[in-house]
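Reader: I would like a close look at a single part of this structure: the loops, and what the residues in them touch. Please give every cut-off once, and enough about the whole to place them.

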Amino acid sequence: MLRFDQLDSTNAYAKRNCSLIQDQTIIVAKTQTAGRGRLSRRWLSEPGGLYFSVVLKPTQIDFLPNLTQLMALSVCQTLRTLQAEAWLKWPNDVLVNHKKICGILSEAVTSANGFDALVLGVGININQKDLSQAGQPAVSLVKLGIKTDAETVLNNVLDCFFARYEAVLQKGFSAIRTDYLAFFPYIGKQVSIAHGTIPAQGTVQTISPNGELLLNTPAGQTIISIGDMCI
Ligand code: BTN
């Protein structure tokens, strides 16, 4: 585990130093000066939150996107053990009271050799009192009245994640589908998926054994493998 008081971004650090970092290394920072979110957004990284990246160098790489879903599930289950009513928003957001409490940014590192590593970056709101600058509705554990610390949450999430890591590497999403669906409240709900210029709209049917979102749209069933779900 590599610990820092401050980094620009744990993901950026992991990518810069990828060749020197061992498989399954965790990089943690107490704050980030340039925390990054999905879709080129920034990630507010004030003291009190948990900011870490897991560097993974598996030899079996068929199911890499499902590792992000495993991380989201691991965070959701950890928050549940702390009595937070956490839910999953496909593919990998964790919400409480419809507000974001965790975001995950997964980035592949490639070189002339092909795939080098997957960097799974996780931000969890824990003890921040002011999230008004987050850029989207956000909540922290302390705002829910839950007292804990970043270290406890980190250890729990990592235990949950590595308990099923090998299973997901070998079998993909099907290894965690039942558990994931237990915390996925959107089946039968009308949603739109923002990806590219034309949003897809429809009713959520389920999540496939591969981890894709199956939507019933006026044009028939649509399989969505990437995008941002809007309710
Ligand atoms: C999202 O947009 O939902 C993803 C947010 C991911 C934030 C985490 S914090 C630790 C790691 N380092 C970063 O710069 N981003 C990720």
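Author: Helices and strands here are DSSP runs, numbered from the N terminus: a helix is H or I over at least four residues, and a strand is E over at least two. The model is predicted, so local features need pLDDT of at least 70 and side-chain atom pairs count only at pLDDT 80 or more, while totals for chains, interfaces and linings use all residues. Residues are numbered from 1 along each chain as its sequence is written, and side-chain values use heavy atoms, with hydrogens and water left out.

With these terms, P91 can be placed in the loop between β4 (86–89) and β5. The peptide bond that joins W90 and P91 is cis, with omega about 0°.

Strand β5 covers residues 93–96, and V96 is found in it. V96 counts as buried because its relative accessible area is 2%, where buried means under 20%, exposed over 50%, and partly exposed in between (1.4 Å probe, protein chains only). Leaving out residues up to four places away in sequence, V96 touches A84, E85, A86, I101, V139 and L144; contact means heavy atoms within 4.5 Å. One of these partners, E85, is 11 residues from V96 along the chain, and their C-alpha atoms are separated by 5.9 Å.

The next loop to consider joins α1 (10–16) to β2 (25–32), and Q24 is found there. Q24 has a positive phi of about 70° although it is not a glycine. With a relative accessible area of 35%, Q24 is partly exposed. D23 has its place in the loop between α1 and β2, and at 35% relative accessibility D23 counts as partly exposed.

What does D23 contact, if neighbours within four places in sequence are left aside? The partners of D23 are V55, L56, K57 and P58. The side chain of D23 also reaches the backbone nitrogen of K57 at 2.8 Å. This is a polar contact, that is, a pair of N or O atoms within 3.5 Å; within protein, one must be able to donate a hydrogen and the other to accept it, and residues adjacent in sequence count only if both atoms are side-chain atoms. F63 gives a separate distance for D23: the two are 40 residues apart along the chain, and their C-alpha atoms are separated by 17 Å.

Another loop runs between β2 and β3 (50–56), and L39 is found in it. L39 has a positive phi of about 55° and is not a glycine. L39 counts as exposed because its relative accessibility is 57%.

S45 is found in the loop between β2 and β3. Is S45 buried or exposed? S45 is buried, at a relative accessible area of 6%. The side chain of S45 makes a polar contact of 2.9 Å with the side chain of Q32, and it reaches the backbone oxygen of W43 at 2.7 Å. Residues up to four places away in sequence aside, S45 touches T31, Q32, G35 and Y51.

For a helical counterpart, take R164, which lies in helix α3 (residues 150–171). R164 counts as buried, since its relative accessibility is 16%. The side chains of R164 and D179 are joined by a polar contact of 3.3 Å. Beyond its neighbours within four places in sequence, R164 is in contact with L70, L73, S74, Q77, I176 and D179.

Now the whole, to place these parts. The protein has 4 helices and 12 strands, and 51% of its 231 residues count as buried. A compact globule of 231 residues would have a radius of gyration near 17 Å, and the protein agrees, because its value is 17 Å. That radius is taken over C-alpha atoms, and the globule rule is 2.2 Å times the number of residues to the power 0.38. Along the principal axes, the C-alpha atoms fill a box of roughly 50 × 45 × 35 Å. Of the contacts between residues at least 6 apart in sequence, 60% join residues at least 24 apart.

The accessible surface comes to about 10900 Å², and 51% of it belongs to carbon and sulfur atoms. Accessible areas come from the Shrake-Rupley method with a 1.4 Å probe, and for residues only the protein chains shown count as cover.
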